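Biologist: I am new to this structure and would love a close look at a single part of it. Could you take me through one helix and its surroundings, step by step?

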Amino acid sequence: MDTNQASPIYAQGITHPLLPPLGGPNPVLPPELTPEEKTAVLTQLRWTRYSQIGMESCAFKTLASGTIGFGLGAFISLMSASLQYEDPILRQQSAAGQALSSGQKTLEVFKEMGRGMWRSGKGFGKVGALYAGSECVIESYRARNDMTNAVAAGFVSGAILAASSGPKAAFGGGLAFAAFSAAIDMFMRRETKE
Amino acid sequence: GGMGGGMPAQSANLDVAVAELDMITDVFNRIVSSCHSKCINPRYAEADLNKGESVCIDRCVAKFFEVNKKVGERMQTMGGAAAGG
């Protein structure tokens, strides 16, 4: 059945968000557009839809959280590197330290700072990616948005992070991270004044 | 569309079309109302749908159509049995 015959309203392009979408998946474009412009508009609409779906997907959330965690870890390590002190006696005692010029020593300091930033960034990135990924997966499975998603995700990521230290340590780590993420989630879900 | 018949054929076609439009609108409103009451938390913390809510709505609409189909099949067999037996 031709919908335009049955529903002349939609043939004229009158749509309303609360009406059933009988006009078909594509919106009715104004008639003065050329075919190339029509395909361009439809392509643009399609891409915005895809990008929206992508940004709400679990894989993207995991990646974004991991990246932000990496950046945060690197920044924190950079700030704390300024508080590192250099022990001149220790450096003087090592034979290699005596042979380095001051320029080379400066380079060594910066390289050590970079290594610290990378290490710290990796750690934070792992935590962020694990937590965000497990929370998104748990929420997609339960099809519900409440606090048990955060607690369960905290337990899973805490257990995985402490897995190399044995099962009791993994369990304790999971409990600790679950409690921490429960506290944070309670704070985020609190009733604000508005 | 109908052939270029007389007035009765055209108005019958129009009646069928109007009835189908009414039915589709009714089903749409039922789905929206039922899935909204099932899936959306009454505490409106933000305007956008959460991941959990959008997954719930996807499943709710799919289940609604599945239930519709199954009930239709059962009614068809019941009607067939009543007509034959």
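What follows is a walk along one helix of chain A and the parts around it.

Modeller: Happy to! Please keep in mind that this is a predicted model. Let's take helix 7 of chain A, which covers residues 102–142.

Start with its partner in chain A, helix 8, made of residues 147–161. The axes of these two helices come within 8 Å and cross at roughly 135 degrees. That angle is why helix 7 of chain A counts as oblique to helix 8 of chain A. Their crossing is right-handed. On the helix 7 side, the residues in contact include A:Lys126, A:Leu130, A:Tyr131, A:Ile138 and A:Arg142. Facing them from helix 8 are, among others, A:Thr148, A:Ala152, A:Val156 and A:Leu161. Sorted by class, this contact has ten nonpolar, five polar and four charged residues.

Helix 8 of chain A also packs against helix 9 of chain A, with axes that come within 7 Å and cross at roughly 145 degrees. This crossing is right-handed too. Among the residues that meet here are A:Met147, A:Val151 and A:Phe155 of helix 8, and A:Phe171, A:Leu175, A:Phe177 and A:Met186 of helix 9. The contact has twelve nonpolar, six polar and one charged residues. A:Ala150 of helix 8 is one to look for, as it meets helix 7 and also takes part in the contact with helix 9.

Now return to helix 7 of chain A and look across to the other chain. Helix 7 packs with helix 2 of chain B at an angle of about 30 degrees, and their axes are 8 Å apart. Here again the crossing is right-handed. A:Cys136, A:Glu139, A:Ser140 and A:Tyr141 of helix 7 make the contact with B:Lys51, B:Gly52, B:Val55 and B:Arg59 of helix 2. By class that is three nonpolar, two polar and three charged residues.

Finally, turn to the largest pocket, with a volume of about 1,500 Å³. It is lined by 40 residues, and those closest to its centre are A:Glu139, A:Asn145, A:Arg189, B:Glu46 and B:Asn50. You have met A:Glu139 already: this residue of helix 7 touches helix 8 of chain A and helix 2 of chain B. Helices 3, 7 and 9 of chain A and helix 2 of chain B each give two or more residues to the lining. Helix 9 of chain A gives the most, with six. Taken by class, the lining has 15 nonpolar, nine polar and 16 charged residues.

Technical notes:
Residues are numbered from 1 along each chain as its sequence is written. Chains are lettered from A and ligands numbered from 1 in the order in which they are written. This is a predicted model: local features need pLDDT of at least 70, side-chain atom pairs count only at pLDDT 80 or more; totals for chains, interfaces and linings use all residues. Side-chain values use heavy atoms; hydrogens and water are left out. Axes are lines fitted to C-alpha atoms, for helices over the stretch in contact, and angles run from 0 to 180 degrees between N-to-C directions. Helices (H or I, at least four residues) and strands (E, at least two) are DSSP runs, numbered from the N terminus. Angles under 35 degrees count as roughly parallel, over 145 as roughly antiparallel, 65 to 115 as roughly perpendicular and the rest as oblique. A crossing is left-handed if the near helix is turned anticlockwise from the far one by less than a right angle, and right-handed if clockwise. Contact means heavy atoms within 4.5 Å. Ala, Val, Leu, Ile, Met, Phe, Trp, Tyr, Cys and Pro count as nonpolar, Asp, Glu, Lys and Arg as charged, and the others, Gly among them, as polar. On a 1 Å grid over the protein atoms alone, a cavity is a set of points where a 1.4 Å probe fits but cannot get out, and a pocket is an open set with protein on both sides within 12 Å along at least five of seven lines; lining residues have an atom within 4 Å of a point. Grid points are joined across faces, edges and corners, and a volume is the space filled by probe spheres set on the points.
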